[in-house]
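Dear colleague,

I am handing over a structure that I would like you to look through at your own pace. Please open the sequence and the model side by side before you read my notes.

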Amino acid sequence: TVQTWLAQLATDVLSHSLGTKVSIERVEISFFNKADLVNFYMEDKRSDTLIYARELKIEFKVFDLFNRQVNVSRIFLDKGTLHLYRDSSGKLLNLTEVFKNFATNKRTTDTTAKKFNWDLNLQELQMRQTDFSYQDDKSHTVANVFVPSLLLKLENISIQKKLLVVHSLKIDSADVQLDLLKREKSPEDDSLLVVHFLPDSFKITFDEFALTHSRFRINDHNRDTILPTGMDFKHLDVSQINLIATNGSAVADTVLAHVEQLTAKEKSGFELEETNAEARFSVNEITFSKLQMKTANSTIKNYLSLRYRVFHDFKDFSNAVRLRANFDGTTISLKDINYFVRNLDKVQHNKVALNGEIDGRINCLKGRGLELRTGQNTIFKGDFYTHGLPNIFETSLNIHVGRLATTADDVRR
């Protein structure tokens, strides 16, 4: 049949152009510029599955085919599977290896080899009921992502320049599971939970990013014990994630964006109800400026930065994560702090109204130009230095007092 002949032709073209195995059950052509590939399968260079789709629809410029050009502008993937793999050296990504032929726009005149020159002028990518998996042998990490709905609109893509210019990306009801596999940790290796966002210095810019009704879980198989209370950064489960970000970029290991909305809830009970800020997120920093953040118990305004060596440091938040903040009109509940540092159960009912600067780790914290109010009648203005938190009964406190007033009832709280 014509459909079988087209499938065989497409299989031959793709296999020769990409240098890997491709199979297609049948191809349906409509309007001379749209192809519907049924049961599409492509292998990577290791002969493992790279892409499978029950249905893969491609829109292209038909007249370019006469010049042995394949100009793809739109792709629709239904009930697909994408498997990415990075080897133990960290230098080889299977997807890049297969599609490296896209790195040149130079025409070929080799008609005997049945090769086509590819131009991935992709403008729109739509996915439905799609599974992603990513296996990273270098970091002993496996990520599985299920995406019921994804719509990506592009302005420019250049693999040669390692550049992706995104107009908008909308993802709904994504489910992300990150597993950190068991590994032998050498004395000089403290890099657990190192995550690299983009390989090979790739750059992405975007106008709009929307993630709605989504979930993120992480499970570290190097520690079986699950903490009964508070945030367990080895076994996170964050649901009801809604994120809207604009005017952003991702370069190497750093993401910059304006966050218009961010809400989420963690299994421990910690709930983020509202976030608006200029955000910077990297492998060793999370920073919010021009911040307006609201949790179920607290309101944080102005500037907040968390700095660390690796994500692994969050498991020892009090001793390993550096906090830098400039608060203005902020109210912090000790109940929210207790999700991260624990040992505050007896005083977690208290709230603190705060203005001023704070710097340091929780166990060694400094404050400058502070105005602090708590209880009914307690006020402190001045500077402080503490050592020993969160264990209140073993904490030393040095203060420079501009003003201090309290009552016996507030002290007993």
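Below are my notes on strand pairing, a surface patch and some salt bridges.

Please keep in mind throughout that this is a predicted model. I began with strand 12 (residues 237-251) and strand 13 (residues 254-266), which run antiparallel and are joined by 10 bridges. Two residues lie between these strands in their hairpin, where A252 takes a positive phi near 55°. Strand 13 also pairs in the antiparallel sense with strand 14 (residues 271-282), over eight bridges, and this second hairpin has four residues between its strands, with G269 in the turn at a positive phi of about 115°. A useful residue to follow here is K265 in strand 13, which stands opposite S239 and has E271 in strand 14 as a bridge partner.

On the surface, L397, I399, V401 and L404 make a nonpolar patch of about 360 Å². Of these, I399 lies in strand 21 (residues 396-405), and I399 counts as partly exposed because its relative accessibility is 41%.

The structure holds 20 salt bridges. One of them joins R217 and D175, whose closest N and O atoms are 2.7 Å apart; this pair links distant parts of the chain, since R217 is in strand 11 (residues 203-220) and D175 is in strand 10 (residues 175-180), 42 residues apart. In another, the side chains of R46 and D44 meet at 3.7 Å, N to O. Here D44 is buried, because its relative accessible area is 2%, whereas R46, at 36% relative accessibility, counts as partly exposed.

With best wishes

Notes: Residues numbered from 1 in each chain as written. Predicted model: local features only at pLDDT ≥ 70, side-chain atom pairs only at ≥ 80, totals over all residues. Heavy atoms only, no water. Pairing = 2+ DSSP bridges. Patch = residues over 30% accessible without salt bridge, like charges linked within 9 Å, V, L, I, M, F, W, Y side chains within 5 Å. Areas by Shrake-Rupley, 256 points an atom, 1.4 Å probe, with all protein chains shown as cover. Salt bridge = Lys/Arg side-chain N within 4 Å of Asp/Glu carboxyl O. Buried < 20%, exposed > 50% of the residue type's maximum accessible area, 1.4 Å probe, protein only.
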